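Thanks for coming. I have one structure to go through today, so please have the viewer open.

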Amino acid sequence: MKSVGVLGGGLAGLSLACLLAQRGHTVTVYERDRAGGKLRRAAAGGLTFDTGPSLFTFPEVWRTLLARLGETDPLDLRPLPGGLGTQHTPFGAVPLPVPPGHPLFGEWQRYVAGVAPLRPHLLALLTTPPCLTSPGFLRASRVLAGVLRGHLSAEGWVAAHGFSPALAHALRTQALGSGLPPQDAPALYALLPGLLGAEVYRPARGMGAVLDALLAFARARGVVLREASEVTRLDDLLLDGLQLDGLRLTLADGSQVRHDLVVSALDPARLAQLRGRPAPSPLARRTVSGLALYFALPEESGLPATSVLPPSDFAVFRRALHAGELPPDTLTLVHAEGRKLAVLLTVPALPRDLEPGHPWVQAQLRRVQAVTGGPDLGRGAAVTALGPLHYAAGGHPGGAIYGAAAPLWRSGPFHPQPYRLGPGLWQVGTGVHPGGGLPAIFGGALIVDRLMAGPS
Ligand SMILES: Cc1cc2nc3c(=O)[nH]c(=O)nc-3n(C[C@H](O)[C@H](O)[C@H](O)COP(=O)(O)OP(=O)(O)OC[C@H]3O[C@@H](n4cnc5c(N)ncnc54)[C@H](O)[C@@H]3O)c2cc1C
């Protein structure tokens, strides 16, 4: 059994730490701040908000993680009313999934039937190491290739299907879940609304329950969690200048620790810095950043659980993001629960402050009020704001939520993923599965756990 150091106590690092400790390894997690990474708790106006992820999707991946740990599910997942929410497109409101009786229902059913063959294979794609000798992986890849029909981008796939403008706009909007405009997003993201249907969940006690569960699993397996322990350097230790004899972590307080194996659950640009390697070019294309505003309202908003305000013109939106400018109207997600309201504004990944009082932010909030008929968010509500600087502090420079954008040919499962970076050094998290959200984070941990265990 080995001593393993895990860099980063976000959901990826914690998931893998649990799996490795389950196999009997001695595991220490080093976290520069508090455990949870992008998922944490913030307070405003006497209410507590779970910040970061808000939609829990593809729970089969979470259940696979639980099965490998031999745990029962503590989350009590509840379907989120309204699924992915209403998309307020310039061509009319489109609820996803489109319900029976809606004018777009027939078209929606055709779309769902087209992507349905992939549904039974998603779990394999998300949890199986890409391997050309694995029959399950090959079957899943063949079906995916059949559904994609050679289209690499979400835009290409949507445009080729001749959907009505309203449904096409709603699907392009959902492709933004990859952190990229639909022209740059992998085609798979245009299929997700059809694959998800109404299967969008939240734990009964909020998303923070996911973090609580992982922390409890880690404690029960003897994982040592070292919070406020920033790693500042990572070096190979060589015997006779040749053979690897473990890796050495240097911490911010100057202390040093040796581990047999190290797993990075950090953004790859951060890891490169720790290893003294050149960081990827700051001009490399990045996924988007966000400004998340959490409002404690004086009374309930009366809004549905999820409303989505897409950019009205994707070409304008993309040009603005590429130029590092604030788009005139941006992708905006609104999550409502009682007196709590979260507004997530999409912004380019540049390390700059964006205060709630900024004129652009105020204009986006007026748009939310005008489109949803919700409360005036300019006044009277306590607000906590997390912007690009917050996401940059523990993640990718510039605060790109899903890190650097991979080229389209490298997206999806058809290429080798950089799970193993060198002797004794492995990688999980958004660096391996950009744009994946929680299912890819848990799936990536399951894959790396398998690979680290070696051939079975
Ligand atoms: C606003 C927002 C909304 C989202 N919505 C959804 C959603 O609805 N559904 C969904 O599935 N996903 C969503 N996501 C994505 C999801 O939250 C992330 O994919 C996931 O939390 C990433 O986890 P991670 O462990 O890979 O990275 P992180 O959470 O970034 O963890 C990395 C950790 O490493 C630590 N660290 C960094 N440098 C060092 C160092 N030198 N030494 C020690 N520790 C270090 C950081 O402090 C951090 O805790 C959302 C994300 C955001 C920001």
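I will take the domain contact first and the salt bridges after that.

A word of caution: this is a predicted model. The domain assignment splits the chain into domain 1, at 3-42 + 55-76 + 207-283 + 407-453, domain 2, at 105-192, and domain 3, at 288-399.

Look at domain 1 and domain 3. Their C-alpha centres are 29 Å apart, and 7 residues of domain 1 touch 10 residues of domain 3. Together the two domains bury about 700 Å², with 62% of that on carbon and sulfur atoms. On the domain 1 side, Lys-38, Asp-267 and Arg-270 lose the most area, together 48% of what that side buries. What kinds of residue make up this side? There are 3 nonpolar, no polar and 4 charged residues. Even so, the count of salt bridges between the two domains is 0, while 4 residue pairs are in polar contact. Strand 3 (40-44) and helix 10 (268-274) each give two or more residues to the domain 1 side.

Now the salt bridges. The whole structure has 17. In one of them, Glu-60 meets Arg-119 at 3.0 Å, N to O. Glu-60 sits in helix 2 and Arg-119 in the loop between helix 3 and helix 4, 59 residues apart.

Another joins Arg-68 and Asp-449 at 2.9 Å. Arg-68 is in helix 2 and Asp-449 in helix 14, 381 residues apart. Arg-68 is partly exposed at 21%, whereas Asp-449 is buried at 1% relative accessibility.

Last, Asp-235 pairs with Arg-233 at 2.8 Å. Asp-235 is buried at 14%; Arg-233 is partly exposed at 39%. Shared partners also link Arg-23, Arg-68 and Asp-449 into one salt-bridge network.

Notes. Residues are numbered from 1 along each chain as its sequence is written. This is a predicted model: local features need pLDDT of at least 70, side-chain atom pairs count only at pLDDT 80 or more; totals for chains, interfaces and linings use all residues. Side-chain values use heavy atoms; hydrogens and water are left out. Domain bounds come from an automatic or database domain assignment. Contact means heavy atoms within 4.5 Å. Buried area is the accessible area (1.4 Å probe) that two parts lose on being put together, summed over both. A salt bridge is a side-chain nitrogen of Lys or Arg within 4 Å of a carboxyl oxygen of Asp or Glu. A polar contact is a pair of N or O atoms within 3.5 Å; within protein, one must be able to donate a hydrogen and the other to accept it, and residues adjacent in sequence count only if both atoms are side-chain atoms. Helices (H or I, at least four residues) and strands (E, at least two) are DSSP runs, numbered from the N terminus. Ala, Val, Leu, Ile, Met, Phe, Trp, Tyr, Cys and Pro count as nonpolar, Asp, Glu, Lys and Arg as charged, and the others, Gly among them, as polar. Buried means under 20% relative accessible area, exposed over 50%, partly exposed in between (1.4 Å probe, protein chains only).
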